[in-house]
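Trainee: I would like a close look at a single part of this model, the aromatic residues and what surrounds them. Please take it step by step.

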Amino acid sequence: MKVLKNIAHPFIVLICFFGILISGEGFGGFYLMYILMALASGYTYSILAWLGVACFLLGYSVFRLSKWNSLFYLSGSIFQVLSLLVFFLNSKTNYNIGTFYELVPLTVMIVFTIITACSIIYNLNNVLKTRSYS
């Protein structure tokens, strides 16, 4: 569980989330660039991404010593996964589908998926433990 705790650290999850490489037809880049550009227009994937970041930061700074921090981390991970799903599934022209065909972006996406799965498992375990003691 110690290894899972280290892998599921909120800053590791956030760094992996922002570091996801997107390969588009015209240009590519880090997912951070995409969500920053889309925030001004109010795209759903960008709002979900920033809600996830806010959950991680609230859980880490405000509720760090509380039993609720795992709930915030779990919510943050779910918002980030939803953001990526909305980003890739709403593209009617499959503009960013190259992300899944090129080696480096696909590898980064797999690493993010593994780290996020570890975060969800670890924090869900903590939420269920704290709920059973309440």
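Mentor: Start with Tyr43, which has a relative accessible area of 47% and is therefore partly exposed. Keep in mind that the model is predicted. Tyr45, by contrast, is buried, because its relative accessible area is 14% and the cut-off for buried is under 20%. Tyr43 and Tyr45 form a stacked aromatic pair, with 5.9 Å from centre to centre and 25° between the planes.

That pair is part of a wider set. The whole structure contains 13 aromatic pairs. Another of them joins Tyr34 and Phe87, whose ring centres are 5.5 Å apart; their planes stand at 75°, so this pair is edge-to-face. Tyr34 belongs to helix 3 and Phe87 to helix 5, so the contact ties together parts that are 53 residues apart in sequence. Both Tyr34 and Phe87 are buried. Ring pairs link these residues into a cluster that includes Phe17, Phe18, Tyr31, Trp50, Phe88, Phe100 and Phe112, along with Tyr34, Tyr43, Tyr45 and Phe87.

Some members of the cluster also appear in the largest nonpolar core, which has 21 residues. Phe17, Tyr31 and Phe87 are among those that touch the most other core members, as are Ile20, Ile22 and Leu84. The elements that give two or more residues to this core are helix 2 (10-18), helix 3 (31-39), helix 4 (44-61), helix 5 (69-89) and helix 6 (103-133). As a general point, nonpolar side chains in soluble globular proteins tend to be buried together.

Ile22 shows how the core and the rings meet. Leaving aside residues up to four places away in sequence, Ile22 touches the aromatic residues Tyr31, Tyr34, Phe87 and Phe88, and also Gly28, Gly29, Asn96 and Thr99.

For the setting, the protein chain has six helices and two strands, in the order α-α-β-β-α-α-α-α from the N terminus. Of its 134 residues, 38% count as buried. Among contacts between residues at least 6 apart in sequence, 64% join residues at least 24 apart. The radius of gyration is 16 Å, which agrees with the value near 14 Å for a compact globule of 134 residues.

Disulfides play no part in this picture, since the structure holds zero of them. The sulfur of Cys118 is 11 Å from the closest cysteine sulfur, in Cys16, which is too far for a bond. Cys16 is nevertheless buried, at 17% relative accessibility, and Cys118 is buried at 14%.

Key
Residues are numbered from 1 along each chain as its sequence is written. This is a predicted model: local features need pLDDT of at least 70, side-chain atom pairs count only at pLDDT 80 or more; totals for chains, interfaces and linings use all residues. Side-chain values use heavy atoms; hydrogens and water are left out. A disulfide is a pair of cysteine sulfur atoms within 2.5 Å. Buried means under 20% relative accessible area, exposed over 50%, partly exposed in between (1.4 Å probe, protein chains only). Helices (H or I, at least four residues) and strands (E, at least two) are DSSP runs, numbered from the N terminus. The radius of gyration is taken over C-alpha atoms; the globule rule is 2.2 Å times the number of residues to the power 0.38. Contact means heavy atoms within 4.5 Å. A nonpolar core is a set of buried Ala, Val, Leu, Ile, Met, Phe, Trp, Tyr and Cys residues joined through side-chain atoms within 4.5 Å. Rings of Phe, Tyr and Trp (its six-membered ring) pair if their centres lie within 6.5 Å; planes under 30 degrees apart count as stacked, over 60 as edge-to-face and the rest as tilted.
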